[in-house]
Every structure is written in C-alpha cells, then in structure tokens.
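Trainee: I have a structure open and want to learn how to read its sheets, domains and pockets. Where do we begin?

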Amino acid sequence: MKKIYLDHNATTPAHPEVVEAMLPYYHTYYGNASSIHCFGRDARKAMDDARDKIADLIGADPQEIVFTGGGTEADNFALKGVAWATEKEGNHIISSAIEHPAILNSCQYLEKRGFEVTYLPVDKYGLIDPLQVKEAITDKTIIISIMLANNEVGTIEPIAEIAEIARERGVYLHTDAIQAFGKIPINVTELKADLLSLSGHKINGPKGIGALYIRKGIRITSFLHGGHHERNRRAGTENVPALVGLGKAAELGACRIEEKTRRLTELRDRLHKGIMDMIDHVHLNGHPTLRLPNTLNLSFAFVEGESLLLNLDLKGIAASTGSACTSGTLDPSHVLMAMGIDPVLAQGSLRFSLGPDNTQEEIDTTVECLVEIVERLRMLSPLYSEKTAN
Ligand SMILES: *Cc1c(COP(=O)(O)O)cnc(C)c1O
C-alpha cells in the first residue's frame, strides 16, 4: 500500500539536500564551534553561514538570530525571557486563545508566577481584531505574543497591524511564525516584529533545532546558563549539523516560494472541492482566503474525527485532528472552540496539511477513500439517520 502523508503541519520529511548538507558536520567537520583550532573554525564558519542565510531570508541582521533547540524553546525564550527582563516595568502579557501550546503553557506558567495574561478572542475565521489588541494594552503590558499563522486552521493573522499598535505603545511584539515560515514570505521589517520564532522540522529541516529572531536592543534574559555561546543568550554547545540543516531547509524553502504556493493552493483546493462535491454536511474551518496555502481543516457532521483518522490510516493516509501537540486528548480543539464552532461538529474535524511532494493522484485517492469512509461511518450514526429522515 502506497502511503499518503497529509500531515505536514505536524512535521515534514527532511529534504535530501538538507541531510546531505548536515552529514559532513557529524564526521568530517565535527569541531566545537567555540574551539579556536581549524576544526572549531570549520564549525564556526558553517554556523555563521547558516545564521547569515536565515537572517537574510527574514530581513534580519545575523546578530539578531539565536539558535534554539526547536520552536518550543524559541517560544518559551521569547515569553519568559522578556517577562523576566522587564518585570519591573509591568506584569501584563497579551496573547490569544488560539496559540500553540508552547505559548499557551508558557503563559500559564507565568500566570502562576505573578504575571497577568489576556487571551484575546478570535472571530469565526480564527482572526484576531487589532482593535481588541489596542484596547487590551495597559500601562503594565510588556509583551504581545500572537502567532503569524495558526497551525490547526491556517488562518494568517494581521501581525503588521498589531505590531504597529504595539510599537506606538512601547510594547514588545513576539510572533510565532513557525507554521508560516517557508509557506508565506516573512520579513521582520515589514511585520515590525520584535521577536519571531522559527523551527526546522516544519520546513523540511531537522527536528530539535529552531531560532529566535531578537531585534537589536530588545531586553531579554537568558534561561540556559553555561558557556558564552550565542553571544551569551543561549548557553550550550551549538548543534552544528542541525543548524546547518535548518539553514539549508530555509534556503530551499524560500526559493521559488510563489510557484510553490500556487501549486500547494491548487492541490489543497482540489482536495477541498473534491470533498465538497462528493460529501454533504462538510464545513470549512479557518479563513477562506487569509489562510496558509497548504492547510485545509474541515468538519464532517455526524462523524467523529478520531474514527475518520483511524479509517484513513488503515488506507495509509495520514491526516490529523487538531494538532499533533494536542492529540491524544479527546477534548475538542481549543482553536475550534475559540472560533465558536459547535463542540459536536468540532469533534468531527480533520486537518489536511499538504507538502511539496504531494501529487494530484494522492489528492484524488484521498477524496475517494474519504467518500467511502464518511458514508460508512454515517450509516452507523443514529444522528445521521434522524437527520436524513427529516
Ligand atoms: C510545531 C509548532 C511549534 C513547536 O515547534 P517545535 O519545533 O516542534 O518545538 C510551535 N508553534 C507552532 C505554531 C507550531 O506549529
């Protein structure tokens, strides 16, 4: 059975060129980037190149990029680092109800330690209203953290507008750009972001490596203490192979981004149309247009998302309910709840997230399988027979 992977927002396969770029840094250039001999210099050079590439891609200065052990660490660093560095000025944080757990749980941790967090609501498309951000700011607000694109429904938030408001009030703006990176162009000057999180494994790079962009002059406290790595901002011997992989993945991801966006959008819309044409009672979650090109989140009435997922898996098709980080719980997705989706309908949701290797044939096979599975499951559903009898 040929497997079909439609879960790229959970993670992606490393690109062969990424792996190829990484390998020499395990066996030939294995030096410690802090050593001054030639082994160390080779590693340092590779690290500088990777940093330059990432900085270049997002319009930053290389000194503003700090490598981290993944996206979760970048998010934690941004929130806790700024909270601790500026706590004398205020203890108020603004975030949203639809953030990734890396942000939400960092906020909750800070709430237990005397910080106050406002979780902004979203509309039915998952959009945050910049006016509400403006109204939520107080004299005590130190940082606003709103994601650039949501991982579950793909909605793209108006970060530049929100950042403008933050800047006027002298509040830092952090954005979790982990899902947006490689899917839509990102420029920190246009976004006016002060801090921005990235992760390798969502963009065909390695797992366990990420980066935090920290605009020059931003006050932030380190939370890993040790050697003087990353200009004293993140101690620990740098993971040179992984950061070389991240640099390569970012470079490959950015090249021909418009063409890739067009292709992904076409495939995603083919999947959407195929499903809508063949299956009744299906609802789109997320914004119709302000959405990542690869993401399609649908609610199938009268079925359980979990059953859909398992049945698709039996056919070798990998999708997701909610996000990988929240699956395993049977609670409906916090993102769909915040969007005001009916909880029962939310339980019937599936996220398809496409990648550059997916084909039209795979999309058509997925539609065929879904039609058969949804029909079979609905036949077993008492709610469905009631509905269709009416
Ligand atoms: C995946 C993801 C993260 C976590 O990144 P890791 O590298 O897996 O730790 C954070 N935020 C968003 C929006 C994500 O999609």
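Mentor: With a definition. Two strands count as paired if DSSP finds at least two bridges between them. Keep in mind that this is a predicted model.

Trainee: Which strands form the open sheet with antiparallel pairing, and in what order?

Mentor: The general idea comes first. Strands of a sheet pair through backbone hydrogen bonds, either parallel or antiparallel. Here, three strands form an open sheet, ordered β9-β10-β12, and the pairing is antiparallel. β9 (282-285) and β12 (349-353) are the edge strands, and each pairs on one side only. From one strand to the next, the twist averages 30°.

Trainee: Which helix packs on that sheet?

Mentor: Helix α12 (residues 305-314) does, touching β10 and β12. The direction of α12 makes about 45° with that of β12.

Trainee: How many bridges join β9 and β10?

Mentor: Four bridges, in the antiparallel sense, join β9 to strand β10 (residues 295-300). To find one by eye, start at Val282: its bridge partner in β10 is Phe300.

Trainee: Now the sheet of seven strands. What is its order?

Mentor: Read it across: β2-β8-β7-β6-β5-β3-β4. This sheet is also open, but the pairing is mixed. Its edge strands are β2 (65-68) and β4 (116-120), each with pairing on one side only. The twist here averages 20° from one strand to the next.

Trainee: Are β6 and β7 parallel or antiparallel?

Mentor: Parallel. Strand β6 (residues 172-176) pairs with strand β7 (residues 195-199) over three bridges. Look for Thr175, which stands opposite Leu196 in β7.

Trainee: Which strands does helix α3 lie across?

Mentor: Helix α3 (residues 38-58) lies across β2, β7 and β8 (210-214). Against β2, α3 runs at about 115°.

Trainee: Next, the domains. Where are their bounds?

Mentor: The domain assignment gives domain 1 as 4-12 + 256-389 and domain 2 as 16-254. Their centres, taken over C-alpha atoms, are 29 Å apart. Across the boundary, 31 residues of domain 1 are in contact with 35 residues of domain 2.

Trainee: And the largest pocket: how much space lies in it?

Mentor: Again, the idea first. Rolling a probe the size of a water molecule over the atoms shows where empty space is left. In this model, the largest pocket holds about 600 Å³ of space. The lining has 29 residues, and the closest to the pocket centre are Asn204, Leu252, Gly253, Lys260 and Pro356. Three elements give two or more residues to the lining: α1 (16-22), α10 (240-254) and α11 (257-278).

Trainee: Which element gives the largest share of that lining?

Mentor: α11, with six residues. Each of domain 1 and domain 2 supplies at least three residues of the lining.

Trainee: How many lining residues are nonpolar, polar and charged?

Mentor: By class, 13 are nonpolar, nine polar and seven charged.

Notes: Residues numbered from 1 in each chain as written. Predicted model: local features only at pLDDT ≥ 70, side-chain atom pairs only at ≥ 80, totals over all residues. Heavy atoms only, no water. 1 Å grid on protein atoms, 1.4 Å probe; cavity = no way out; pocket = protein on both sides within 12 Å on 5 of 7 lines; lining within 4 Å. Points joined across faces, edges and corners; volume = space filled by probe spheres on them. Nonpolar A, V, L, I, M, F, W, Y, C, P; charged D, E, K, R; others polar. Domains from an automatic or database assignment. Axes fitted to C-alpha atoms, helices over the stretch in contact; angles between N-to-C directions. Contact = heavy atoms within 4.5 Å.
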